[in-house]
Amino acid sequence: MDSLPLQDGIQNGLAEELSPAAPVERAGISPGNLRELWTQAQAAAYDLSEVEFALALAAAGGKYNFGLPAQQASTPSQRLAFYRNLHLKELALAHACALGRDAAWQVFVSQYQAALKQTAIRITGSASLGEDLAGALYSELFGLTERDGVRRSPLASYTGRGSLMGWLQATLAQRHVDHHRRTHRETPLEDNDFAAAPVSPVAATHEIERLKDAIGNTFNALPAEDRLLLVSYFLDGRTLLELARLLRVHEATMSRRLKRLTQDLRKRLLKDLQAHGMSRAAAEEALGTDPRDIDINLRSLLQASPPSPFSQQAGTR
C-alpha cells in the first residue's frame, strides 16, 4: 500500500511549528504528560510522532472544550483528565491512517475492514449493496476523495471520544442515508426499504434510547458519594491525589476504588441492556458509543440527587 502525502492543512500546520514544544502548548499539557499519553496510545507503532499526536489531542480538546461548558476556561488537570478518557490508541491509529502511514493502515485493515463490510451489509440488507457501501467508504477513508486538489481522509476528524468502530458504523449509516437521499429525492425515506433494513446496533434509534435509559438507571442507583467521585474525576478533572486527600485515603486506594467502580458500572450496564432484550454482542457494541455523543447529560445523571458530603468516616476505609 503506497503512503499518502500529508494533508496540506496538517502539513502546513506542522511546518509552522518552530519547535516540538508548540503543539504541546496547544494541547495544554506538560511534555511529560504528552509522553505518557503517546506511550499509552502505542502511537510509535503507527509511526505517529509526539508532535502529530499532540495536534490530534489539541483538536479534540478544542472541539469539545475539554468536556466543559462552552466558554469555561479549563485547568491543566481538567485537560489531562479529558485526554485520559479518550480512546487514545484508536485516536492514534485513525490519525496515523489519515496521514498515510503504512503501519497504521495494516492494523486498520486487519481490525476493521471485515467489520465494516459486515456492518454495511446489515445496514443495507444486501450483500452486494453492502459491499459497495463499505468499498466506497474505505476508499474515502484512504483519502481518494480530493478537495481543492488535496487528498483528504475523514479519519482526520475522529476525536477519540467514542470508539473508532462506533464512529465507523455511524459514518457508514450516514453515507447510506446520504446516498439514498441523492437517489430518491422525491420519495420520503420512511416509505422505502431502508426504513426496515437491519442496521448497526449502535445506529438503531431504539437501542440508543435503551442505552440512555440504562445509563440513567445505573447512575441514579449509585450512592451519592460514588456519584460525586465520578463527577469529580471524570467531569471536573480532579486528580486521584486530590480525591485521596479529600477522603483521607492513599492515592493507590483511590485508584483501586475508581477502577472497581467503573468496572462495576460496566457490568451493571451490560446486565440492564441484556435484561431489556439486547444480545450480549449488541450490548457490548452499544457500550462502545460515548454517551456524550448521543445527547446524554452525564453531569445531570451523575448528580440526579444532590450528593451528600463525603463520609466523615472516609479516612477509616
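**Exercise 1. State how Glu251 counts by its relative accessibility, and place this residue among its neighbours.**

Solution. Glu251 has a relative accessibility of 36% and therefore counts as partly exposed, a class that lies between buried (under 20% relative accessible area) and exposed (over 50%), with a 1.4 Å probe and protein chains only. The model is a predicted one, in which local features need a pLDDT of at least 70 and side-chain atom pairs count only at pLDDT 80 or more, whereas totals for chains, interfaces and linings use all residues. Residues are numbered from 1 along each chain as its sequence is written, and side-chain values use heavy atoms, with hydrogens and water left out.

The next step is to locate the residue: Glu251 belongs to helix 13, where helices (H or I, at least four residues) and strands (E, at least two) are DSSP runs numbered from the N terminus. Leaving aside neighbours within four places in sequence, Glu251 is in contact (heavy atoms within 4.5 Å) with Leu240, Leu241 and Ala244. For Leu240, which is eleven residues from Glu251 in sequence, the C-alpha to C-alpha distance is 5.9 Å.

**Exercise 2. Describe helix 12 and the loop that follows, asking which residues of the helix are buried and how they are arranged around its axis.**

Solution. Helix 12 covers residues 240–247, and its buried residues are Leu240, Leu243, Ala244 and Leu247. Viewed down the helix axis, these residues fall within an arc of 100°, so they line one face of helix 12; the arc is taken from the directions that run from the helix axis to the C-beta atoms. As background, an α-helix has 3.6 residues a turn, so residues three or four places apart point the same way.

Beyond the helix, Arg248 comes just after helix 12 with a positive phi of about 60°, although Arg248 is not a glycine. Arg248 is found in the loop between helix 12 and helix 13, and His250 has its place in that loop too. His250 is exposed, because its relative accessible area is 56%, and its C-alpha atom is separated by 9.2 Å from that of Leu240, ten residues away along the chain.

**Exercise 3. Compare the expected span of helix 13 with the distance between its end C-alpha atoms, and list its buried residues.**

Solution. The expected span is 1.5 Å times one less than the number of residues. Helix 13 (residues 251–275) has 25 residues and should therefore span 36 Å, and its end C-alpha atoms are 36 Å apart, which agrees. The buried residues of helix 13 are Met254, Arg257, Leu258, Leu261, Leu265, Leu269, Leu270, Asp272 and Leu273. After helix 13 comes Gly277, which has a positive phi near 105°.

**Exercise 4. Which residues touch the most other members of the largest nonpolar core, and which helix gives the most to this core?**

Solution. A nonpolar core is a set of buried Ala, Val, Leu, Ile, Met, Phe, Trp, Tyr and Cys residues joined through side-chain atoms within 4.5 Å. The largest such core has 50 residues, of which Phe53, Leu57, Tyr83, Phe108, Leu155 and Leu164 touch the most other members. Among the helices that each supply at least two residues of this core are helix 4 (50–64), helix 5 (76–84) and helix 9 (164–183). Helix 6 gives the most, with eight residues.

Taking Leu57 as an example, and leaving aside its neighbours within four places in sequence, the contacts are with Ile29, Leu34, Leu37, Tyr83, Leu86, Leu88 and Leu91. Another core lies apart from the largest one and has eleven residues, among them Ile215, Leu222, Leu230 and Met278.

**Exercise 5. Is Arg101 buried or exposed, and which side chain does its own side chain meet in a polar contact?**

Solution. Arg101 sits in the loop between helix 6 (88–98) and helix 7 (102–124). With a relative accessible area of 16%, Arg101 is buried. Its side chain makes a polar contact with the side chain of Glu52, at 2.8 Å; such a contact is a pair of N or O atoms within 3.5 Å, where within protein one must be able to donate a hydrogen and the other to accept it, and residues adjacent in sequence count only if both atoms are side-chain atoms.
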